[in-house]
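Me: I would like to learn how to read burial, charge pairs and sheet packing from a model. Can we take them one by one?

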Amino acid sequence: MSINALISDNLATLEEADALLGFLDPGHYALVGPHMRHIVDHYQCLVQGLEDGVIDYDARERCRETELSVPRARRVLQSLRQALERLLEGADPSLTVRLATDPGEPSMASRSSLGRELQFVQSHAVHHFALIRAALGNSGVQLPDGFGKAPATLRHERASA
């Protein structure tokens, strides 16, 4: 899979998040805002880390306003989509990723690539979409069948039908 395909898949994931926000009322957003903020935090770390080649997922912004405000969350999603669009036709650089795996120890660094990190943030977003689906489903909100399901799960379901 090419880097452009991974970028396009992530753009679709961010568009799916924005579409969700387009129809949620504020009461329902209160249920899922922390998940949406967490998703965009990871994308922001990815985009910011590309500038110097070091992605630090522990240095998330954790903006409370993004948790509470649909307009703010939608603006951040738009900004992230624009940043990813600028990466189209670019290279797949080597990166260093920092992430804590033990709360009592400093963050660990490992080598990665833009392609791998695009896979990570998309998978992470879909995982949180599943949690969002559960929270909204418990409140009676119906979402499209594929929302919150991993691409491999959707492919398996189509093949098994």
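Me: Is Glu-67 buried or exposed?

Reply: The model is predicted, so pLDDT cut-offs apply to local features. Burial is read from relative accessible area, with under 20% as the limit for buried. Glu-67 has 12%, so Glu-67 is buried.

Me: Which residues form salt bridges with Glu-67?

Reply: Look for a Lys or Arg side-chain nitrogen within 4 Å of a carboxyl oxygen. Glu-67 has a salt bridge to Arg-37, with closest N and O atoms 3.1 Å apart. Glu-67 also has one to Arg-64, at 2.8 Å between the closest N and O atoms.

Me: Where do Glu-67 and Arg-37 lie, and what does the pair tie together?

Reply: Glu-67 sits in helix α3 and Arg-37 in helix α2, so their salt bridge ties together parts 30 residues apart in sequence.

Me: How far apart in sequence are Glu-67 and Arg-64?

Reply: They are three residues apart in helix α3, which means about one helical turn between them. Arg-64 counts as exposed, at 52% relative accessibility. Arg-37, in contrast, counts as buried at 12%.

Me: Which side chain meets Asp-41 in a salt bridge?

Reply: That of Arg-37, at 2.6 Å from N to O. Both residues lie in helix α2 (residues 26-49). Four residues separate them, about one turn of the helix. Asp-41 is buried, with a relative accessible area of 1%.

Me: Which residues end up in one network?

Reply: Follow the shared partners. Salt bridges join Arg-37, Asp-41, Arg-64 and Glu-67 into one network. The salt bridge count comes to seven.

Me: Next, a charge without a salt bridge. What is the nearest side chain of opposite charge to Arg-60, and how far away is that side chain?

Reply: Asp-41, at 4.3 Å. The salt-bridge cut-off is 4 Å, so a pair beyond that distance does not count. Arg-60 is thus buried yet has no salt bridge.

Me: Where is Arg-60 placed?

Reply: Arg-60 is in the loop between β1 (54-56) and α3 (64-68).

Me: Which backbone oxygen lies 2.8 Å from a polar atom of the Arg-60 side chain?

Reply: That of Tyr-57. An absent salt bridge is one reading; backbone oxygens deserve a separate look. For Arg-60, the distance to the Tyr-57 oxygen is 2.8 Å.

Me: Which residues does Arg-60 touch, leaving out those up to four places away in sequence?

Reply: His-38, Asp-41, His-42 and Cys-45. Asp-41 is therefore a contact of Arg-60 without being a salt-bridge partner, as contact allows heavy atoms within 4.5 Å.

Me: Now the sheet. In what order do the strands run?

Reply: Read order and pairing together. The three strands form an open sheet, ordered β1-β2-β3, with mixed pairing. β1 and β3 (108-113) stand at the edges with a single partner strand each, so one side of each lacks a neighbour in the sheet. Neighbouring strands are turned by 30° against each other on average, ignoring direction.

Me: How many bridges join each pair of strands?

Reply: Three bridges join β1 to β2 (residues 94-99), and these two run parallel. Val-54 stands opposite Thr-96 in β2. β2 and β3 pair in the antiparallel sense over six bridges. There, Leu-99 has Met-108 of β3 as its bridge partner.

Me: Which helix packs on the sheet?

Reply: Helix α5 (residues 114-137), which touches β1, β2 and β3. The direction of α5 makes about 105° with that of β3.

Me: Is Ala-125, in helix α5, buried or exposed?

Reply: Ala-125 is buried, at 0% relative accessible area. Contacts farther off in sequence come next. Leaving out residues up to four places away, Ala-125 touches Thr-13, Ile-39 and Tyr-43. Ala-125 and His-38 are 87 residues apart in sequence, but 8.6 Å apart in space, C-alpha to C-alpha.

Note on methods
Residues are numbered from 1 along each chain as its sequence is written. This is a predicted model: local features need pLDDT of at least 70, side-chain atom pairs count only at pLDDT 80 or more; totals for chains, interfaces and linings use all residues. Side-chain values use heavy atoms; hydrogens and water are left out. Buried means under 20% relative accessible area, exposed over 50%, partly exposed in between (1.4 Å probe, protein chains only). Lys and Arg count as positive and Asp and Glu as negative; His and the chain ends are not counted. A polar contact is a pair of N or O atoms within 3.5 Å; within protein, one must be able to donate a hydrogen and the other to accept it, and residues adjacent in sequence count only if both atoms are side-chain atoms. Two strands pair if DSSP finds at least two bridges between them. Axes are lines fitted to C-alpha atoms, for helices over the stretch in contact, and angles run from 0 to 180 degrees between N-to-C directions.
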